[in-house]
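Hi,

Here is the structure I promised to pass on. Could you load it and keep it open while you read my notes below?

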Amino acid sequence: MSSQVPSPYGSNGGANLADILERVLDKGVVIAGDIRINLLDIELLTIKLRLIVASVERAEEMGIDWWRDDPSLSSGARRRELARENERLRERIAALEEQETREEIT
């Protein structure tokens, strides 16, 4: 008599790590938790943890695409941020030059 536990991945005995990772990324996994530290009914600290593990395609289907606008993760976002900063500096230079011209006239 065998006391072997049945495998959840079929009769072939197991799934490799790549198969498991593919399933997780395809479906997505959400892990959520809250940690609260109270002392005599006074809340001292609350930490909310949210973790989503999914493929880029799956995350975009869920409406998650924050990495597109993060300059530390996206070269396009970095270029847009530099272009905005460049435009602000140009406007400031123009305003300073205009102010200097007005002061010379008076």
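The surface carries a patch of negative charge where Glu97, Glu100, Glu103 and Glu104 gather. Please keep in mind that this is a predicted model. One of the four, Glu97, belongs to helix H3, which covers residues 75–105. Its relative accessible area is 48%, and because exposed means over 50%, Glu97 counts as partly exposed.

There is also a nonpolar patch on the surface, with an area of about 860 Å². Its members are Ile35, Ile37, Leu39, Leu40, Ile42, Leu44, Leu45, Ile47 and Leu49. Strands S1 and S2 each supply at least two of these residues, and S2 gives the largest share, with five.

Which part of the chain holds leucine 40? Leucine 40 sits in the loop between strand S1 (29–39) and strand S2 (42–53). With a relative accessibility of 76%, this leucine is exposed, and leucine 40 is listed in the nonpolar patch as well.

The backbone of that loop may interest you too. Leucine 40 has a positive phi, near 55 degrees, and is a residue other than glycine. Aspartate 41 also lies in the loop between S1 and S2. Its phi is positive at about 65 degrees, although aspartate 41 is not a glycine. Is aspartate 41 buried or exposed? Its relative accessibility is 81%, so aspartate 41 counts as exposed.

Happy to talk any of this through.

Best wishes

Conventions. Residues are numbered from 1 along each chain as its sequence is written. This is a predicted model: local features need pLDDT of at least 70, side-chain atom pairs count only at pLDDT 80 or more; totals for chains, interfaces and linings use all residues. Side-chain values use heavy atoms; hydrogens and water are left out. Patches are made of residues with over 30% relative accessible area and no salt bridge: like charges are joined within 9 Å, nonpolar side chains (Val, Leu, Ile, Met, Phe, Trp, Tyr) within 5 Å. Accessible areas come from the Shrake-Rupley method with a 1.4 Å probe; for residues, only the protein chains shown count as cover. A salt bridge is a side-chain nitrogen of Lys or Arg within 4 Å of a carboxyl oxygen of Asp or Glu. Lys and Arg count as positive and Asp and Glu as negative; His and the chain ends are not counted. The place of a charge is taken as NZ of Lys, CZ of Arg, CG of Asp or CD of Glu. Helices (H or I, at least four residues) and strands (E, at least two) are DSSP runs, numbered from the N terminus. Buried means under 20% relative accessible area, exposed over 50%, partly exposed in between (1.4 Å probe, protein chains only).
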